[in-house]
Amino acid sequence: KLAGLPQAVIARARDVLDQLESSERTNNAKTLIDDLPLFSVAVVEPKHTKQDNEITDALLSKLLLEDDQATSSEIQDLQTENIEAYDAYLRGNKFYYQYSLQSIQFARRMYQHALQLDRNYALAYCGLANCFSYLFMHHRRTDENLQNAEKFSKKAVAINSSLAAAHSAHGLALSLSEKYLESEEAFNKAIDLDSYLFEAQY
């Protein structure tokens, strides 16, 4: 569009373009050369309807809620200020999910070690309870295993009644004790607290 203009005007126009590219003033910006308008730049702002704003607000609310839930989940996963206890708990989980007699025994030792470091570590009680439930279901259907499963899961709930994993572990122990109504209530409570908890759904 500048073709045919004098070189001096073209040079000045290029200077103006360079300045505009680095400028934040983009709304209806006009530059004059020798009192004549060279060009104008107009930025068209998008028009938002009331429905658009409502949709945006709804999406933002959902994102904020998911972020809060993620943060809450991270906090819930820890449940102790003792890092060594947390490490022992994680090691216990690693052994537990191998689902063998030997690995369950190793897991039980890790959970017990975590509890030696933090006597109020609810998640470690959950893990311990699940170990005894597993032993009762797959290896030795003894009263001792069943009683330990129920005792330790109940302890986890007593320590932290807002912990979904505690209610899930307790629900499993109650189910194995054939206390089906109480078991269902425990599982439903776990789902209410954490609808994504696999053990509660399973």
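**Close-up 1. Isoleucine 191 in helix H8 of the predicted model.** Isoleucine 191 is a residue of helix H8. Its relative accessibility is 23%, so isoleucine 191 counts as partly exposed; the cut-off for buried is under 20%. Histidine 167 sits 24 residues away along the chain. The C-alpha atoms of histidine 167 and isoleucine 191 are nevertheless separated by 8.9 Å.

**Close-up 2. The buried and exposed faces of helix H8.** H8 covers residues 180–193. Its 14 residues should span 20 Å at 1.5 Å a residue, and the end C-alpha atoms are indeed 20 Å apart. Ser183, Ala186 and Ala190 are the buried residues of H8. Viewed down the helix axis, these buried residues fall within an arc of 65 degrees, so they line one face of H8. Leu181, Glu185 and Asp192 are exposed. These three are carried on the face turned away from the buried side of H8.

**Close-up 3. Glutamate 178 in the loop between H7 and H8.** The loop that holds glutamate 178 lies between H7 and H8. Phi of this glutamate is near 65 degrees. That is a positive value in a residue other than glycine. Most residues other than glycine have a negative phi. Glutamate 178 has a relative accessibility of 58% and therefore counts as exposed, the cut-off being over 50%.

**Close-up 4. The packing of helices H6 and H7.** H6 is formed by residues 143–159, and H7 by residues 164–176. The two helices pack with their axes 8 Å apart. The angle between them is about 155 degrees. H6 and H7 are therefore roughly antiparallel to each other, since angles over 145 degrees count as such. The crossing of H6 past H7 is left-handed.

**Close-up 5. Helix H3 and its two faces.** H3 runs over residues 83–96. For its 14 residues, 1.5 Å a residue gives an expected span of 20 Å. The end C-alpha atoms are 20 Å apart, which agrees. Buried residues in H3 are Ala85, Ala88, Tyr89, Gly92, Asn93 and Tyr96. They cover an arc of only 145 degrees around the axis, which puts them on the same side of H3. Ile83, Glu84 and Lys94 are exposed, on the face turned away from that buried side.

**Close-up 6. The start of helix H3.** Asparagine 82 and glutamate 84 meet here. A side-chain oxygen of asparagine 82 comes to within 3.0 Å of the backbone nitrogen of glutamate 84. Glutamate 84 is also among the exposed residues of H3.

**Close-up 7. The packing of H3 against H4.** H4 comprises residues 101–117. H3 and H4 pack at an angle of about 165 degrees, and their axes are 8 Å apart. That angle makes H3 roughly antiparallel to H4. H3 passes H4 in a left-handed crossing.

**Close-up 8. Tyrosine 99 in the loop between H3 and H4.** Tyrosine 99 has a phi near 50 degrees, a positive value in a residue other than glycine. Its place is in the loop between H3 and H4. With a relative accessibility of 44%, tyrosine 99 counts as partly exposed.

**Overview. The whole chain.** The secondary structure comes to nine helices and two strands. From the N terminus on, the order of elements is α-β-β-α-α-α-α-α-α-α-α. The chain has 202 residues, of which 32% count as buried.

Conventions
Residues are numbered from 1 along each chain as its sequence is written. This is a predicted model: local features need pLDDT of at least 70, side-chain atom pairs count only at pLDDT 80 or more; totals for chains, interfaces and linings use all residues. Side-chain values use heavy atoms; hydrogens and water are left out. Helices (H or I, at least four residues) and strands (E, at least two) are DSSP runs, numbered from the N terminus. The expected span of a helix is 1.5 Å times one less than its number of residues. Buried means under 20% relative accessible area, exposed over 50%, partly exposed in between (1.4 Å probe, protein chains only). The arc is that of the directions from the helix axis to the C-beta atoms. A polar contact is a pair of N or O atoms within 3.5 Å; within protein, one must be able to donate a hydrogen and the other to accept it, and residues adjacent in sequence count only if both atoms are side-chain atoms. Axes are lines fitted to C-alpha atoms, for helices over the stretch in contact, and angles run from 0 to 180 degrees between N-to-C directions. Angles under 35 degrees count as roughly parallel, over 145 as roughly antiparallel, 65 to 115 as roughly perpendicular and the rest as oblique. A crossing is left-handed if the near helix is turned anticlockwise from the far one by less than a right angle, and right-handed if clockwise.
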